[in-house]
Amino acid sequence: MGRKPGAERNFTRTVEAPAEMGYDVYAVPEGSTIELELRLEAIMEGILATGTFSAPAAGECVRCLDPIDEAVVVGFQELYLYDAPSSQEETDEEDHVLEDELLDLEPVLRDAVVLALPQNPLCAPDCPGLCPECGARLADDPGHTHGEAIDPRWASLSQLVEQPVPPADQSESDISSDDSKE
Ligand SMILES: [Zn+2]
Ligand SMILES: [Zn+2]
């Protein structure tokens with residue numbers, strides 16, 4: 001692709017996700033496949049890269065800690081300035097420049113993903129989260145409440161704990177020494 005303003009090129013690529021693409025709690029897993037659609041347009045100052053990409057994102061719900069695994073679609077636009085002064089008019093290095101731009105997309109994709117992913121991911125917009133007392137998932141048990149009194153099942157368990165534990169029977173502990181015959 002030349003530097004003539006107006007030149008345009010569209011392509012799609014699949015790239016491998018780099019590390020640390022997202023947040024600690026929600027990110028595109030390293031090495032997963034990113035489907036990238038890219039349009040490069042030559043303008044006076046450089047090349048304008050416009051595109052969208054879709055990638056899997058994995059994390060956990062900040063309310064109930066359930067795993068979240070869904071695809072995100074992210075749009076981005078970035079202008080790459082021509083860094084070298086164009087003293088040489090038309091060289092064969094344009095292709096090389098294009099290759100470099102593909103590599104340089106990595107920080108752009110990373111920034112775009114950070115903007116697109118929620119910092120507080122939820123498994124569902126109305127996730128009720130966990131019971132603050134026992135940690136049960138409230139989505140599984142919507143009528144979940146804790147009364148003032150101890151649950152009768154727990155009460156009987158505490159009685160069991162208070163009973164003395166009988167000592168273990170030691171009579172069969174020395175089966176191997178069998179020379180106590182009459
Ligand atoms: Zn949740
Ligand atoms: Zn509870």
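## Report on the predicted protein model

The protein contains 2 helices and 6 strands, where helices (H or I, at least four residues) and strands (E, at least two) are DSSP runs numbered from the N terminus. This is a predicted model, in which local features need pLDDT of at least 70, side-chain atom pairs count only at pLDDT 80 or more, and totals for chains, interfaces and linings use all residues. Residues are numbered from 1 along each chain as its sequence is written, while chains are lettered from A and ligands numbered from 1 in the order in which they are written.

Along the sequence, the elements follow the pattern β-β-β-β-β-β-α-α. Of the 182 residues of the protein, 12% count as buried; a residue is buried if 20 or more other C-beta atoms lie within 10 Å of its own, exposed if 12 or fewer, and partly exposed in between, with C-beta atoms placed from the backbone. Two residues are in contact if their C-beta atoms, placed from the backbone, lie within 7 Å. Among contacts between residues at least 6 apart in sequence, 59% join residues at least 24 apart.

The largest nonpolar core has 15 residues, and those with the most contacts inside it are V28, I34, F53, A55, L109 and V113. Such a core is a set of buried Ala, Val, Leu, Ile, Met, Phe, Trp, Tyr and Cys residues joined through C-beta atoms within 7 Å. The elements giving two or more residues to this core are β3 (26-28), β4 (33-42), β5 (46-60) and α1 (94-116). Of these, α1 gives the most, with 4 residues. Leaving aside its neighbours within four places in sequence, F53 is in contact with I34, E35, L36, E37, V74 and L109.

β5 and β6 pair in the antiparallel sense over 15 bridges; strands pair if DSSP finds at least two bridges between them. Within this pairing, S54 has V73 in β6 as its bridge partner. The two strands form a hairpin with 6 residues between them. Of the 15 residues of β6, the number buried is 1, so this strand lies largely in the open.

Two residues other than glycine have a positive phi, as tabulated below.

| Residue | Phi | Loop | C-beta neighbours inside 10 Å |
|---|---|---|---|
| E20 | near 55° | between β1 (8-16) and β2 (21-22) | 12 |
| L65 | about 65° | between β5 and β6 (67-81) | 14 |

With its 12 neighbours E20 counts as exposed, whereas L65, with 14, counts as partly exposed.
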